[in-house]
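Q: Please take one part of this model and go through it closely, with the cut-offs behind each term. I would like a helix packing contact first, and then the aromatic side chains.

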Amino acid sequence: MTSVWLRYLTGADIDSLGITDADIVGAVEDVLADHGRGQVVFEPRTHLVPDNGGKGHFNILRGHLSAKQVSGVKVVGDFVGNFERGLPSEMALILLLDPDTGMPRAIVDGTMITEARTGAMTAVGAKYLARPDSRVLGHIGARGTAWWNVVLLDSLFDFAEIRVTSKRPESREDFGRRLSERLGKDVRVCATAEETLDGADIQVEASRLVEPEALVRREFLRPGTFLVPYGTISALELTLLDDIDKVVVDDWRESQSGNPRFGALRPQLNAGLLTADGVHAEIGDIVAGHKPGREHDAERILFWHRGLSTTDVAVADMILARAEASGVGTMLPYR
């Protein structure tokens, strides 16, 4: 009987491969173009909500890349209080599968991938939807994905000013210090969402709310603002869309899937304030060149991304190829 082996890649294995910011952004941009060309199979996410008193839940994401002939499933936890245990709020594993045989190819630590592909989605969105001369970034949130948002956005825009905040003073101070060391520039740590966002060219909301709260308000937006909200629980003023010229999503079906409580624009969806007619495009259609992105400097554009399974698979597959070429990882017998 044919023996089957699969490669197990830990976070340390991935760190040893020298994956660059450009590698991650490139993998995500390429797969978004494949979305626009209809060259992926993308299934809606599902949630597993344990009976744990609201401590957290699991997201299950599934996708297939036709061009690369790889399928994948990711299970990622979303546990807000993990910082109290010194753990990331989002920890994940990704299983990569051979679509011709169904055999497993690899199990990959998906924690960094989840954080990095999220930041890359924000960055790719900004590449097509923000003003090219954007100079000020305002960022709410200091979780793992927040790091990649700021780092990858700055790699594209080289901001003159970066403002950050989060709920806990100790987390925002540490976040700002680490970013300043990484980027080689001052990062302004702010105490409030208003101080962070008001008038910023690019605004990102990656908060960790447990109940909806209007951290992002209409008066913070100026002509030309690019806004990316993706907190699990909404942090947007309910009527904020009245001041938005274009809404772009990663996938409209995904925007409506899953638990009706989860998602930055869920209150707007539930209230009928956001409908299919109000969505300008999915980001893949813009990256593939089928629809326009930003068309003039004064547009206020909102990009809502919930997380595409295909970006996880694309980044994991890129990492697996590097690991196979370098002989990195642990080979496990499947049968």
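A: What follows goes through one helix contact, then a residue of one of its helices, then the ring pairs.

This is a predicted model, in which local features need pLDDT of at least 70 and side-chain atom pairs count only at pLDDT 80 or more, while totals for chains, interfaces and linings use all residues. Residues are numbered from 1 along each chain as its sequence is written, and side-chain values use heavy atoms, with hydrogens and water left out.

Helix α3 covers residues 111-129 and helix α4 covers residues 144-157; helices are DSSP runs of H or I of at least four residues, strands are runs of E of at least two, and both are numbered from the N terminus. Their axes come within 8 Å and cross at roughly 40°, the axes being lines fitted to C-alpha atoms over the stretch in contact, with angles from 0 to 180 degrees between N-to-C directions. The crossing is right-handed, that is, the near helix is turned clockwise from the far one by less than a right angle. On the α3 side the contact (heavy atoms within 4.5 Å) includes M112, T118, A123 and K127. From α4 the participants include W148, L152, L156 and F157. By class, the contact residues are ten nonpolar, seven polar and two charged; Ala, Val, Leu, Ile, Met, Phe, Trp, Tyr, Cys and Pro count as nonpolar, Asp, Glu, Lys and Arg as charged, and the others, Gly among them, as polar.

Y128 is also in α3. Y128 is partly exposed, at 24% relative accessible area; buried means under 20%, exposed over 50%, and partly exposed in between, with a 1.4 Å probe and protein chains only. Beyond its neighbours within four places in sequence, Y128 is in contact with E29, I286, V287, G293 and R294.

The whole structure has two aromatic pairs, a pair being rings of Phe, Tyr or Trp (its six-membered ring) with centres within 6.5 Å, stacked if the planes are under 30 degrees apart, edge-to-face if over 60, and tilted otherwise. F58 and F79 are edge-to-face, 5.4 Å centre to centre with 65° between the planes. F58 lies in strand β3 and F79 in the loop between β4 and β5, 21 residues apart. F58 is partly exposed at 27%, whereas F79 counts as buried at 17%. The rings of F157 and F159 have centres 5.6 Å apart and planes at 15°, so they are stacked. F157 is buried at 11%, as is F159 at 2%.
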